[in-house]
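Please read the following walk through a protein model with the sequence and the coordinates at hand. It moves from one sheet and its helices to ring and charge contacts, and then on to another set of strands.

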Amino acid sequence: MSEMKRIHVVSDYCQSNGIFAAAKLMASAEGSQVVDCWRFLFHIDINDFDEVVVHGCWLPRYWLACLRVLFARSRPRLKRMTHANLDPLRLQYHRWKKLPFFIVERLLFRLSDGVLVTGSWEQEWCEKWGLENEFEIVDLKKFFALGVDGSRSRTKDGSLHVLYLGRRHPLKGVEFLERAVDEIRREETRERGKCGVELQVVSNVFDEEKEKVWEWCDVLVLPTLSENFGLVVAEALERGKGVITTDGAPAWENQSGVAYLKGYRGGTDVQRVELLKNAIERILEGRNA
């Protein structure tokens with residue numbers, strides 16, 4: 001029996017895109033390949049593959065990729081991977097832009113042979129949106145060495161180096177982290193005359209530059225409201241860094257080395273800032289003990 005040949009289709013090859021990064025991990029483990037939509041549409045012989053995984057939603061280029069599979073002579077199996085795009089919170093974000101596309105996406109999902117999700121929570125989001133497909137859970141944690149206890153990271157200069165690594169987006173919650181650190185700084189300056197927290201918000205760094213940022217970091221904070229998986233958390237744990245994240249990233253609940261903030265996603269802005277502030281202060285108190 002011959003081995004199934006699979007190909008992964010993404011929007012583009014942007015290294016900072018979590019969808020592309022996840023597709024690369026999956027393809028590398030399978031010995032398959034990742035292509036962007038345009039290459040898939042015009043330069044790939046679809047008859048060479050048994051299954052096509054289209055990563056993402058809402059863009060017409062994804063629809064064209066799906067249609068090419070559905071109308072192919074060989075008709076490979078079509079799988080969709082939503083990457084949390086059907087999270088009810090995300091569906092509310094710019095809902096007016098997405099409404100015209102709901103009918104198209106529902107039809108293409110209905111015609112698909114299955115949906116890949118990263119956990120039971122994402123399957124629940126899909127089912128709440130009305131999908132009745134066969135679901136397959138992809139455990140992205142298996143691609144990382146997560147046995148490292150990130151809680152043992154140490155400061156370099158007496159201060160706590162807090163890192164946010166990723167893009168700025170309203171659903172990422174970066175502003176809540178910045179406000180929490182500002183409040184800690186004001187209180188520490190008033191009480192002790194010095195500040196024990198430094199924050200870096202970094203986007204689009206790769207290779208050696210990225211490793212320098214990790215070397216600087218003591219604690220990674222992912223203050224997200226909605227996350228498919230949170231690859232950056234896995235990267236931090238692999239490097240022995242402490243992590244603070246929220247119930248917006250449900251993959252990391254009960255994970256060793258991760259301070260997981262429940263009630264954050266559904267809280268008010270003030271409550272979110274307070275949760276982040278308290279989590280950072282607990283780490284500071286431990287270092288000062």
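The paragraphs below take up the sheet, the helices packed on it, the aromatic contacts and a further group of strands.

This is a predicted model, in which local features need pLDDT of at least 70 and side-chain atom pairs count only at pLDDT 80 or more, whereas totals for chains, interfaces and linings use all residues. Residues are numbered from 1 along each chain as its sequence is written, and side-chain values use heavy atoms, with hydrogens and water left out.

A convenient starting point is an open sheet of 6 strands, ordered S2-S1-S3-S4-S5-S6 with parallel pairing; strands here are DSSP runs of E with at least two residues, helices are runs of H or I with at least four, both numbered from the N terminus, and two strands pair if DSSP finds at least two bridges between them. Strand S2 (33-36) and strand S6 (135-137) stand at the edges with a single partner strand each, so one side of each has no neighbour in the sheet. From one strand to the next the twist averages 25°, where axes are lines fitted to C-alpha atoms, for helices over the stretch in contact, and angles run from 0 to 180 degrees between N-to-C directions. Within this sheet, strand S4 (residues 77-81) and strand S5 (residues 114-117) pair in the parallel sense over 3 bridges, and Arg80 stands opposite Val115 in S5.

Helix H1 (residues 18-30) packs on the sheet, where it touches strand S1 (6-10), S2, strand S3 (51-55), S4 and S5, and its direction makes about 170° with that of S1; contact means heavy atoms within 4.5 Å. Helix H7 (residues 120-128) lies across S5 and S6 and runs at about 160° to S6.

Which residues of H7 are buried? They are Trp121, Glu122, Trp125 and Cys126, with buried meaning under 20% relative accessible area, exposed over 50% and partly exposed in between, for a 1.4 Å probe and protein chains only. These residues cover an arc of only 145° around the axis, which puts them on the same side of H7; the arc is that of the directions from the helix axis to the C-beta atoms. An α-helix has 3.6 residues a turn, so residues three or four places apart point the same way. The cover over the buried residues of H7 includes helix H4 (88-92), S5 and S6, while the face turned away from the buried side carries the exposed residues Glu124 and Lys128. Just after H7, Gly130 takes a positive phi of about 110°.

The aromatic side chains add a further layer of detail. The structure holds 9 aromatic pairs, where rings of Phe, Tyr and Trp (its six-membered ring) pair if their centres lie within 6.5 Å, and planes under 30 degrees apart count as stacked, over 60 as edge-to-face and the rest as tilted. One of them joins Tyr13 and Phe20 edge-to-face, at 5.8 Å centre to centre and with 65° between the planes. Tyr13 is partly exposed, with a relative accessible area of 37%, whereas Phe20 is buried, at 7%. Ring pairs also link Trp58, Phe102, Phe109 and Trp129 into a cluster. The charged end of Arg106 sits over the ring of Trp129, 4.1 Å from its centre, and the charged end of Arg68 sits over the ring of Phe40, 5.5 Å from its centre; for this, NZ of Lys or CZ of Arg has to be within 6 Å of the ring centre and within 35 degrees of the ring normal.

Further along the chain, strand S7 (residues 160-165) is mostly covered, with 6 of its 6 residues buried. Leu160, Val162 and Tyr164 point one way from S7 and His161, Leu163 and Leu165 the other way. In a regular strand the side chains alternate between the two faces of the sheet. S7 runs parallel to strand S8 (residues 197-202) and is joined to S8 by 6 bridges, with Val162 opposite Leu199. With strand S9 (residues 219-222), S7 pairs in the parallel sense over 2 bridges, and there Leu163 stands opposite Leu220.

Last comes Phe176, which lies in helix H8 (residues 174-192) and counts as buried at 3% relative accessibility. Not counting residues up to four places away in sequence, Phe176 touches Leu225, Tyr264, Asp269, Arg272, Val273 and Leu276. The C-alpha atoms of Phe176 and Arg272 are separated by 6.6 Å, although the two residues are 96 apart along the chain.
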